[in-house]
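The following exercises are each set out as a task and a worked solution. Please view the sequence and the structure before starting.

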Amino acid sequence: MPRRISRDARPARQGGHFVSPPATGAKKAAAPRHGLARVLSKAGVCSRSEAARRVLAGRVGVDGRVVLDPEFPVVAGRQRITLDGQPIAAVRRLYVALNKPRGLVTSVRDEQGRDTVYRCFDGADMPWLAPVGRLDKASEGLLFFSNDPEWAARLTDPATGPLKTYRVQIDGAPDAAQLARMHEGIEDAGEHLAAHSVVVLRASERTAWLEIVLDEGRNRHIRRLLQVLGFEVLRLVRVAIGPVTLGGLAKGQWRELEAEELGALAAHSAGLDANS
């Protein structure tokens, strides 16, 4: 029966750091230690919060002992970590593009019981995936998913993430002054909201279609920006993230990103890093 390790049985803490017992024999090079839940997440097993729940439920072991502390320090690759008695293995990294339909919530779980984007993956034999960024319930279009937390962090960081392109239908036609103000930005709820670029694709007496490009995305960014200018969004579709376009991907369908697309996204981030 594996011995259980609780929070109180962790290695001693000195000066805010965990200290391992004195080593015997030859000295080994120090290796970085990370919390158990973080290690499980970075291995692509599940999200960090879900990993914490599994640890607390007594489902995770380290070197043959059940650990009950999600922050228990381990050295990935040097210690045997098991989930439900089975060794965890590095999960194949997966990068997926989904054409999100309108009406689905971008969340793993929804407290109100609404349908989530994971409905689009029903029946697919896939590892755990997390959304990379968000689209609100009323929005649709291109949304990435991955089990690679570091890749996701680069794409969602305003300093390294790619531009995002949207097609937006509104209940009116903006004039030149309003377009300029969208580019310059407005203040709303203590946040500066601006568009990287705005182009009128077509307009009628009652509605217009705009192409709006963002270099960062705040909560309901486009809707709030247009609302301040007096426009209601009738439809919002994300059609591109950096060099990756929605293309002919049908609504509710998904595909794996191609190697060329991943390379183009990486080159974009590297280019921004070099110029920052």
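**Exercise 1: Helix 2**

The buried residues of helix 2 pack against helix 1 (36–42), strand 5 (60–62), strand 6 (65–67) and strand 8 (81–83). Contact here means heavy atoms within 4.5 Å. Helices (H or I, at least four residues) and strands (E, at least two) are DSSP runs, numbered from the N terminus. The model is a predicted one, in which local features need pLDDT of at least 70 and side-chain atom pairs count only at pLDDT 80 or more, while totals for chains, interfaces and linings use all residues. Residues are numbered from 1 along each chain as its sequence is written, and side-chain values use heavy atoms, with hydrogens and water left out.

Task: State which residues of helix 2 are buried.

Solution. Step 1: buried means under 20% relative accessible area, exposed over 50%, and partly exposed in between (1.4 Å probe, protein chains only). Step 2: within helix 2, which spans residues 48–56, the buried residues are E50, A51, A52, R54 and V55. Step 3: just after the helix, G58 adopts a positive phi of about 80°.

**Exercise 2: Strand 18**

Task: Determine how strand 18 pairs with strand 13 and with strand 12, parallel or antiparallel.

Solution. Step 1: two strands pair if DSSP finds at least two bridges between them. Step 2: strand 13 and strand 18 run antiparallel and are joined by 7 bridges; R167 stands opposite V237 of strand 18. Step 3: strand 12 (residues 140–146) pairs with strand 18 in the parallel sense, over 2 bridges, and G141 has R238 as its bridge partner. Step 4: strand 19 (residues 244–245) also pairs with strand 18, in the antiparallel sense over 2 bridges, with I241 opposite V244. Step 5: 7 of the 9 residues of strand 18 are buried, so the strand is largely enclosed by the rest of the structure.

**Exercise 3: The second largest pocket**

Task: Describe the lining of the second largest pocket by residue class.

Solution. Step 1: nonpolar covers Ala, Val, Leu, Ile, Met, Phe, Trp, Tyr, Cys and Pro; charged covers Asp, Glu, Lys and Arg; the others, Gly among them, are polar. Step 2: the lining divides into 8 nonpolar, 6 polar and 12 charged residues. Step 3: helix 5 gives the most to this lining, with 3 residues. Lining residues have an atom within 4 Å of a point on a 1 Å grid over the protein atoms alone; a pocket is an open set of points where a 1.4 Å probe fits, with protein on both sides within 12 Å along at least five of seven lines.
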